[in-house]
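Here's a quick tour of one chain and its metal site. Have a look at the model first, then read on for the details.

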Amino acid sequence: MKLQLLPSTFDENGCASARQHLSCFVVDDCVAIDAGSLAMATSSAQKKQIRNVILTHAHLDHIAGLPLFIDDLFAGLTEPICVFATSEVIEIIERDIFNWAIYPRFSELSNKNGAILEYHPFRTGEEFLAKHLRVKAVEVNHKVPTVGFLISDGETKFALSSDTAEMDGFWEVVNAEKNLAALLVECSFPNELEELAQISHHLTPKTLQKELKKFNQKNCPIYVINIKPMYFDEVVRQVAELNIENLDILKVGQVYEL
Ligand SMILES: [Zn+2]
């Protein structure tokens, strides 16, 4: 299974920077998990193949690229873009994004081949299929309704927390799995901003350390994601100081073979 966190910013030379402003993970070049930089950073091969987008929640850094992605592909689509999300998230993006005021309501539009945007609501705890991937959504502890995922291609399985603060249910589900190929877990703020992290329901290296004590698969590679770009260096340093084996930062743009 191929996994890539798409870039979302450029450095002063116009090259993709290591910092993550937006959240968009692409699996096997054909399924997107969150859509932060979906329109901006996908390769042309990925643009041709991605017709399934799975959302963790409706915060802007996780959906920003979705309206533009659909718009860019509008005329040429031969099948709709399928958006998988909880019904709460679908309601929010229909009400606040695809409302004609911010952007067109693509779910009411079609091109010469048919529908443009199709919603596939899922419930937490139930498995669903997105292309070749079997996905299970697990509720996490964020400021708005948010899910993490267990994602499997039949051979390999990985877990992703999305944005979250301290949680228990997610760990129970993840710990019931055997031989996870990777765990992607958020760590947005440095330790100094613990209060802000609490208010906004995010983790710091210190609270991440506590969370990882609940994770029972000691040999599983763990990758930190969703670091706020302005605190990137600090968070990376503090994560390294935890001295946890198998714990690394997920590198923006890099293709991981799980
Ligand atoms: Zn969020």
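## The zinc site

Reading along the chain, the donors of the zinc ion follow the spacing H-x1-H-x82-H-x20-D. In this predicted model, the ligating atoms are NE2 of His 57, ND1 of His 59, NE2 of His 142 and OD of Asp 163, at 2.1 to 2.3 Å from the metal.

What about the geometry of the site? The angles among the four donor atoms run from 92 to 165°, and the site comes out as irregular. To count as tetrahedral, four donors need all their angles between 85 and 135 degrees, so the upper end of the range, 165°, is what rules that label out. Keep in mind that water is not among the atoms, so a site may look incomplete.

Are His 57 and His 59 buried or exposed? His 57 is buried, with 0% relative accessible area. His 59 sits at 27% relative accessibility, so it counts as partly exposed.

## Strand 5 and its neighbours

Strand 5 covers residues 81–85, and five of its five residues are buried, so the rest of the structure largely encloses it. Its side chains alternate: Ile 81, Val 83 and Ala 85 point one way, Cys 82 and Phe 84 point the other, and all of them are buried.

Which strands pair with strand 5? One is strand 4 (residues 52–54), in the parallel sense over three bridges. Here Asn 52 stands opposite Cys 82. Another is strand 8 (residues 117–121), also parallel, this time over five bridges. In that pairing, Val 83 stands opposite Tyr 119.

## The loop after helix 5

Arg 105 belongs to the loop that links helix 5 (87–96) to strand 6 (110–111). Its side chain reaches back to the backbone oxygen of Phe 98, at 2.9 Å. Leaving aside residues up to four places away in sequence, Arg 105 touches Glu 94, Arg 95, Phe 98, Asn 99 and Trp 100.

Trp 100, one of those contacts of Arg 105, lies in the loop between helix 5 and strand 6. Its phi is near 75°, a positive value in a residue other than glycine. With 48% relative accessibility, Trp 100 counts as partly exposed.

## Another positive phi

Lys 131 is also worth a click if you're checking backbone torsions. Its phi is near 55°, again positive in a residue other than glycine. You'll find Lys 131 in the loop between strand 9 (127–130) and strand 10 (133–139). How accessible is Lys 131? Its relative accessibility is 51%, so Lys 131 counts as exposed; the cut-off for that class is over 50%.

## The chain as a whole

Zooming out, the secondary structure adds up to nine helices and 16 strands. The radius of gyration is 18 Å, close to the 18 Å that the globule rule gives for 258 residues, so the chain is as compact as a globular protein of that length. Along the principal axes, the C-alpha atoms fill a box of roughly 55 × 45 × 35 Å.

Of the 258 residues, 53% are buried. As for the contacts between residues at least 6 apart in sequence, 60% join residues at least 24 apart.

Technical notes: Residues are numbered from 1 along each chain as its sequence is written. This is a predicted model: local features need pLDDT of at least 70, side-chain atom pairs count only at pLDDT 80 or more; totals for chains, interfaces and linings use all residues. Side-chain values use heavy atoms; hydrogens and water are left out. Buried means under 20% relative accessible area, exposed over 50%, partly exposed in between (1.4 Å probe, protein chains only). Helices (H or I, at least four residues) and strands (E, at least two) are DSSP runs, numbered from the N terminus. Two strands pair if DSSP finds at least two bridges between them. Donors are N, O and S atoms within 2.8 Å of the metal (3.2 Å for Na, K and Ca); water is not among the atoms, so sites may look incomplete. Four donors count as tetrahedral if all angles lie between 85 and 135 degrees; four count as square planar and six as octahedral if opposite donors are over 155 degrees apart and all others between 65 and 115; anything else is irregular. A polar contact is a pair of N or O atoms within 3.5 Å; within protein, one must be able to donate a hydrogen and the other to accept it, and residues adjacent in sequence count only if both atoms are side-chain atoms. Contact means heavy atoms within 4.5 Å. The radius of gyration is taken over C-alpha atoms; the globule rule is 2.2 Å times the number of residues to the power 0.38.
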